[in-house]
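Work through the exercises below with the sequence and the model side by side, and try each task before reading its solution.

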Amino acid sequence: MTDLEQFRQETRAWLEENCPRSMRTPVLSAEDQCWGGRNFKFQSEDQRLWLERMAERGWTAPDWPTEYGGGGLSKEQVKVLREEMDRINARPPLHSFGIWMIGPAILKFGSEKLKQQHLPPIVRGEIRWCQGYSEPGAGSDLAGLQTKAVDQGDHFIVNGQKIWTSYADKADWMFCLVRTNPDVKKQLGISLVLFDMETPGVTTRPIKLISGSSPFCETFLEDVRVEKDQVVGEVDQGWTIAKYLLTHERAMIGGFGRTAAGEKTLSEQAVECLGLEDGRLADDMFRAELARWDIDAKAFELTNERVTDEAKSGQGVGAASAMLKYYGTELNKRRQEMIVAMNGFDGLVFEGEQWDQGAVPRSMLRSKGNSIEGGTSEIQLNVIARNILGLV
Amino acid sequence: MTGLVLTEEQQMLKDAAKRFLQERAPVAELRRLRDERDETGFSRDTWAEMVDMGLAGTLIPEDFGGTGFGHVGMGQVFEEAGRNLSASPLLSTAVLGAAAVNLAGNAEQKQALLGAIAEGSLVTALAADEAPRHDPLKVETRAEAEGDGYVVNGRKQFVVDGHVADKLIVSARTSGGSSDSEGISLLLVDREADGVDVERTIMMDNRNAAVVTFDNARAEGLLGEEGKGYAVLERVLDAGNAQLAAELLGIAQESFDRTVKYLQERKQFGVTIGSFQGLQHRAAHLFSEIELVKSVVIRALQALDEDADDTPALVSLAKAKASEVAELATNEGVQMHGGMGMTDEFDIGLFLKRARPVQQLFGDYRYHASRYARLNGY
Ligand SMILES: Cc1cc2nc3c(=O)[nH]c(=O)nc-3n(C[C@H](O)[C@H](O)[C@H](O)COP(=O)(O)OP(=O)(O)OC[C@H]3O[C@@H](n4cnc5c(N)ncnc54)[C@H](O)[C@@H]3O)c2cc1C
């Protein structure tokens with residue numbers, strides 16, 4: 001038996017023993033997601049246990065080094081772990097901007113102090129992070145950001161406004177882009193800083209979405225004190241790090257449309273809604289549309305896999321992340337529109353227990369943001385055209 | 001055949017409707033109805049004023065108290081209603097109710113009901129769909145003759161204005177099996193009759209619909225001949241779909257206009273985002289698509305006024321194309337507004353949320369494209 005096969009067997013046995021039954025059902029609502037953090041209320045004891053057990057092995061961040069609490073697994077082992085979790089429909093133990101975004105940036109660019117301070121609590125799901133990038137005047141033109149950090153010797157004083165900050169009202173810490181030098185080319189005067197959301201001068205105001213929920217906020221920063229040792233990488237070098245972090249975010253958002261473990265596939269849903277006649281979907285128009293989507297979705301899934309396999313261990317997927325983000329989010333929007341349409345009247349009711357309080361249309365509306373958050377589709381296409389194709 | 005342009009009279013009606021709806025039933029008014037969780041779902045006062053303007057009688061012949069302005073005229077009102085997201089019982093009552101009674105009612109019914117619709121004292125609702133996706137043939141609701149009337153049993157959904165209507169127009173089976181076109185009858189049922197249960201459903205556009213259940217409910221009478229209701233229903237649905245196509249045109253156009261304005265205002269990278277060719281081309285494409293919608297909508301409305309043979313195909317053409325383009329226009333609207341487009345505070349998302357139910361009601365793109373193909377022999 002190869003080492004990898006042995007790892008698979010051990011992992012399978014461990015998961016069988018340790019993944020609670022109720023954590024082997026699909027994540028269907030926001031409440032099913034475990035985000036951790038100081039103020040998180042676990043949905044169930046099983047949810048807490050599942051996080052605790054996985055975190056103990058470092059398997060919430062399986063490819064991070066063990067010295068910072070990670071699982072220390074190789075790329076191949078991470079893949080096996082994912083396959084084995086999928087096999088039993090295990091839920092992700094933790095949803096975390098820490099693991100998906102700031103963690104990899106601290107690992108690559110952060111000081112030893114920052115690694116020791118921030119990575120273990122991320123792995124354990126103790127600290128929840130939010131991303132303070134966008135500003136009212138700086139969305140697609142992120143480098144145009146105006147939030148100011150003024151050098152006060154051992155610390156900075158930060159003033160400005162962030163917008164569209166997802167979960168700012170629930171997060172414990174923010175990773176935030178600030179302007180530390182206004183006198184140079186805009187990309188060269190930016191730093192990435194970290195601060196506790198309880199620091200005096202930080203306030204948040206939720207913004208309501210078209211789907212009816214309020215996951216994102218305006219964040220106001222007024223004379224916020226940030227210690228110098230909380231700068232990731234060098235002062236004024238934040239843009240490179242910000243972009244590196246974005247590639248991780250993009251790969252993640254591109255995967256949003258993937259059918260969660262145990263969730264019904266689109267074609268299964270279609271059969272349920274529309275029925276079969278002689279083994280064919282009863283509606284011809286839908287059948288053709290669905291087949292086209294299904295082919296794109298499968299091709300996309302294989303592409304994701306291929307790009308991951310090609311990437312070096314511990315490296316992000318680089319420029320390809322723009323392609324994955326663009327294609328994945330557009331696919332998900334198509335899927336969501338089809339789900340609404342195949343449900344007909346039932347897919348349009350917005351309230352009422354019988355209709356799951358409008359879960360179907362709300363989810364479609366939320367998906368419209370996928371091609372905006374983390375850099376719009378247009379920006380991804382620009383990146384592909386410029387950075388991959390060299391069209392300038 | 002008339003030219004594909006409005007007559008002077010129709011243009012005047014459009015201008016009047018535009019001024020009125022902009023002032024009395026703009027997007028802010030829909031927000032008010034939504035945020036106050038208004039029980040009726042539209043303003044009775046505004047509806048009374050629309051009645052005074054003669055809008056409720058647009059499809060009703062002058063002999064019965066209407067203006068007889070016709071489908072093209074009504075289409076202008078719907079387009080403006082689409083632009084303003086104006087809520088009113090215009091569709092349920094002045095289009096579906098008026099068309100059904102006008103096509104199938106006996107002299108007495110026409111006299112009583114058309115007059116009442118035109119003067120605003122009657123709100124009707126069409127209870128046709130039973131399946132989640134539009135399928136007017138799929139009728140399992142049954143009406144059994146009993147004494148000198150009928151007793152109705154069954155369940156209907158997507159009944160627009162069902163919770164406030166005085167009378168329901170119900171398709172029910174008096175003979176035949178589910179999906180037979182023979183044996184479907186149209187009946188008038190009082191909403192407050194015993195055995196009628198109405199549950200209002202709040203839709204994603206915050207407009208009205210209802211699920212209606214009939215449990216041994218007594219019908220007031222037949223509308224048209226027993227067992228011959230399907231042919232009438234098809235024509236009523238054509239009238240409705242043509243107006244929905246006109247509303248989708250208004251939604252697409254307004255969403256587009258607002259988006260173009262945003263492209264001219266919003267700055268990133270030191271320039272207006274409208275200067276990026278990637279967005280320019282998409283806006284120009286959308287402009288072209290909307291031009292096509294204008295043509296198919298007016299042609300379908302004219303066909304209804306002329307009672308042309310190819311009316312059903314022209315209506316499906318209009319509803320399919322308008323649905324497709326409204327979906328594109330509202331999606332592009334949100335996308336090109338970036339984060340702003342995702343907020344409830346900004347209006348652009350409301351157009352998307354109104355478009356989807358209008359697309360779906362009485363058949364979406366897929367339904368009408370398929371019907372168009374069938375009507376054209378393939
Ligand atoms: C659901 C959601 C969650 C989010 N969460 C966060 C978060 O946690 N933290 C955070 O910092 N931000 C977050 N964002 C913000 C997001 O990153 C920005 O909305 C995004 O970068 C777009 O910026 P903008 O909204 O200012 O739109 P704009 O930049 O104003 O764009 C408007 C339109 O113009 C287009 N455009 C702009 N420039 C070009 C160009 N050069 N070529 C072609 N087209 C162009 C855009 O693609 C878009 O269609 C979130 C957004 C959403 C919708």
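**Exercise 1: two domains of chain B**

Task: find how many salt bridges are counted between domain 1 of chain B and domain 2 of chain B, and describe the contact between them.

Solution. The count between domain 1 of chain B and domain 2 of chain B is 0 salt bridges, where a salt bridge is a side-chain nitrogen of Lys or Arg within 4 Å of a carboxyl oxygen of Asp or Glu. Before going on, note that this is a predicted model, in which local features need pLDDT of at least 70 and side-chain atom pairs count only at pLDDT 80 or more, while totals for chains, interfaces and linings use all residues. Residues are numbered from 1 along each chain as its sequence is written, chains are lettered from A and ligands numbered from 1 in the order in which they are written, and side-chain values use heavy atoms, with hydrogens and water left out.

Next, place the domains: an automatic or database domain assignment gives chain B domain 1 (8-123), domain 2 (125-227) and domain 3 (231-375). The C-alpha centres of domains 1 and 2 of chain B lie 22 Å apart, and the contact (heavy atoms within 4.5 Å) takes 25 residues from domain 1 and 19 residues from domain 2.

Then turn to the area: about 1600 Å² is buried between these two domains, with carbon and sulfur atoms giving 59%, and buried area is the accessible area (1.4 Å probe) that two parts lose on being put together, summed over both. On the side of domain 1 of chain B, B:Ser92, B:Gln109 and B:Val123 lose the most area to domain 2, together 26% of what that side buries.

**Exercise 2: a helix of domain 1**

Task: which residues of helix α2 of chain B are buried?

Solution. Within α2 (residues 27-35) of chain B, the buried residues (under 20% relative accessible area, 1.4 Å probe, protein chains only) are B:Val27, B:Glu29, B:Leu30, B:Arg31, B:Leu33 and B:Arg34. Helices here are DSSP runs (H or I, at least four residues), numbered from the N terminus. As a general guide, an α-helix has 3.6 residues a turn, so residues three or four places apart point the same way. Looking outward, one finds that the cover over the buried residues of α2(B) includes α1 (8-24), α4 (70-84), α7 (229-265) and α10 (348-360) of chain B. After the helix comes B:Arg37, whose phi is positive, near 50 degrees.

**Exercise 3: chain B against chain A**

Task: how many salt bridges are counted between chain B and chain A, and how much area is buried there?

Solution. Begin with the extent of the interface, in which 43 residues of chain B are in contact with 46 residues of chain A. The buried area is about 3500 Å², and carbon and sulfur atoms give 61% of it. In chain B, the residues that lose the most area to chain A are B:Gln335, B:Met342 and B:Arg366, together 22% of what that side buries.

The count of salt bridges between the two chains is 5. A salt bridge joins the side chains of A:Glu378 and B:Arg282 (2.8 Å, N to O). Finally, ask which element contributes the largest share of the side of chain B that touches chain A: α10(B) does, with 6 residues.

Methods
Buried means under 20% relative accessible area, exposed over 50%, partly exposed in between (1.4 Å probe, protein chains only). Helices (H or I, at least four residues) and strands (E, at least two) are DSSP runs, numbered from the N terminus.
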